[in-house]
Amino acid sequence: MDGGPPTPSPLVPLGNVSSDSSMSLEQKTTFVFVILLFIFLGILIVRCFRILLDPYRSMPTSTWADGLEGLEKGQFDHALA
């Protein structure tokens, strides 16, 4: 220790930051895309947990045979002609 001013380390940047250390347009686009994928993943996880907690709420109450008029359910031999 000679009492002089400390020499700056080459790993610590000084006050002026060069433009090389900022994010490029490609990095910004990738970052936004990854954030959107994480949001989509979060929405899917919440939806799956809601289905697991209440599976019968997401099922429709009508069946495929409700729209058949004049035909008895299960008798299709004369309807296929």
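**A helix under a transmembrane annotation**

An unreviewed UniProt entry annotates residues 31-53 as a "transmembrane region". The structure examined here is a predicted model. Across residues 31-53, the chain is 100% helix and 0% strand. The C-alpha atoms at the two ends of this stretch lie 33 Å apart.

The secondary structure of the whole chain amounts to one helix and zero strands. That helix, α1, spans residues 25-53.

A nonpolar patch lies on the surface. Its members are Phe33, Val34, Leu37, Phe38, Leu41, Ile45, Phe49 and Leu52. Together they offer about 820 Å² of accessible area. One of them, Leu37, sits in helix α1. Leu37 has a relative accessible area of 45%. It counts as partly exposed because this value falls between the 20% limit for buried residues and the 50% limit for exposed ones.

The chain as a whole was also examined. It has 81 residues, and buried residues make up 1% of them. The accessible surface of the chain comes to about 8200 Å². Carbon and sulfur atoms account for 67% of that surface.

How values were computed: Residues are numbered from 1 along each chain as its sequence is written. This is a predicted model: local features need pLDDT of at least 70, side-chain atom pairs count only at pLDDT 80 or more; totals for chains, interfaces and linings use all residues. Side-chain values use heavy atoms; hydrogens and water are left out. UniProt positions are given in the numbering used here, feature names are shortened, and annotations may be inferred rather than shown by experiment. Helices (H or I, at least four residues) and strands (E, at least two) are DSSP runs, numbered from the N terminus. Patches are made of residues with over 30% relative accessible area and no salt bridge: like charges are joined within 9 Å, nonpolar side chains (Val, Leu, Ile, Met, Phe, Trp, Tyr) within 5 Å. Accessible areas come from the Shrake-Rupley method with a 1.4 Å probe; for residues, only the protein chains shown count as cover. A salt bridge is a side-chain nitrogen of Lys or Arg within 4 Å of a carboxyl oxygen of Asp or Glu. Buried means under 20% relative accessible area, exposed over 50%, partly exposed in between (1.4 Å probe, protein chains only).
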